[in-house]
Amino acid sequence: MSSFKTRCPSCGGLNRVPNERVAESANCGKCKSALFDGTPIEGTVDNFSALLQSNTPVVVDFWAPWCNPCVGFAPVFADVAQDQAGNVRFVKIDTETEQQLAAQFGIRSIPTIMVFKNGQRVDMINGALPKNQFEQWLNQALNK
């Protein structure tokens, strides 16, 4: 049985999640908080393909810590993630530490936001947006 590791959004502890159970609710083994609670998940080479295979739509923010628009967009992404908790999974991929994923998805500018359904990309946008515009774009993308 294959698995991936993900950080708990509450305590930061690493947790192993079986790939087959990615669509289910999972709790942290350390603090017992929900691992997929609406807080964006840290995407890595180890967990990203499993996250995409879920029946839950996935919104991905490709970003970097040195990118001012990325840092400015982070609270918008987190707010919308909380608003959509349970319906959509939000993932943040740091293109500096996860260069393989950035190359795999052809990231040329950041922030780049992608929406996946059933493992397939359905839409993409480059650049930071205000919350209301991001929500409008996201709702259109999710309805594709």
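A nonpolar core is a set of buried Ala, Val, Leu, Ile, Met, Phe, Trp, Tyr and Cys residues joined through side-chain atoms within 4.5 Å. In the predicted model described here, the largest such core holds 23 residues. Within this core, Phe-48, Val-60, Val-91, Phe-105 and Phe-116 touch the most other members. Two or more residues each come from helix H1 (48–52), E4, E5, helix H3 (99–104) and E6. The greatest share is that of H1, which supplies four residues. A second core, separate from this one, has 17 residues, among them Val-76, Phe-77, Ile-113 and Trp-137.

Phe-116 offers a closer view of the surroundings of one core member. With neighbours within four places in sequence set aside, Phe-116 is in contact with Phe-48, Leu-52, Pro-57, Val-58, Val-60, Phe-105, Arg-121 and Val-122. Three of the residues named above as touching the most other core members, Phe-48, Val-60 and Phe-105, are thus found among the contacts of Phe-116.

The sheet comes next. Five strands make up an open sheet with mixed pairing, and their order is E3-E5-E4-E6-E7. The edges are taken by E3 and strand E7 (120–126); each has a single partner strand, so one side of each lacks a neighbour in the sheet. Helix H2 packs on the sheet and touches E4, E5 and E6, with a direction at about 160 degrees to that of E5. Helix H4 (residues 131–142) also packs on the sheet, where its contacts are with E4, E5, E6 and E7. The direction of H4 makes about 30 degrees with that of E6.

Strand E5 (residues 89–94) is mostly covered, as six of its six residues are buried. This holds for both faces: Arg-89, Val-91 and Ile-93 are buried on one side, and Phe-90, Lys-92 and Asp-94 are buried on the other. On the E3 side, strand E3 (residues 41–42) pairs with E5 in the parallel sense over two bridges, and Ile-41 is found opposite Val-91. Strand E4 (residues 58–63) also runs parallel to E5, and six bridges join the two. Along this pairing, Val-59 stands opposite Phe-90, while Trp-63 has Asp-94 as its bridge partner. To pass from E4 to E5, the chain goes through helix H2 (residues 68–83), forming a right-handed β-α-β crossover.

The pairing of E6 with E7 is antiparallel and extends over six bridges. One pair of bridge partners here is Val-115 and Asp-123, the latter in E7. The two strands form a hairpin with two residues between them, and in this hairpin Asn-118 adopts a positive phi near 55 degrees.

Where does Thr-112 lie? Its place is in strand E6 (residues 112–117). Thr-112 has a relative accessible area of 2% and is therefore buried, the cut-off for this term being under 20%. The side chain of Thr-112 reaches the backbone oxygen of Ser-109 at 2.4 Å. Beyond the neighbours within four places in sequence, Thr-112 is in contact with Val-60, Asp-61, Phe-62, Ile-107, Met-124, Ile-125 and Asn-126. Val-60 is also one of the contacts of Phe-116.

Technical notes. Residues numbered from 1 in each chain as written. Predicted model: local features only at pLDDT ≥ 70, side-chain atom pairs only at ≥ 80, totals over all residues. Heavy atoms only, no water. Buried < 20%, exposed > 50% of the residue type's maximum accessible area, 1.4 Å probe, protein only. Polar contact = N/O pair within 3.5 Å; in protein donor to acceptor, adjacent residues only side chain to side chain. Contact = heavy atoms within 4.5 Å. Pairing = 2+ DSSP bridges. Right-handed = clockwise from strand over helix to strand, strands pointing away. Axes fitted to C-alpha atoms, helices over the stretch in contact; angles between N-to-C directions.
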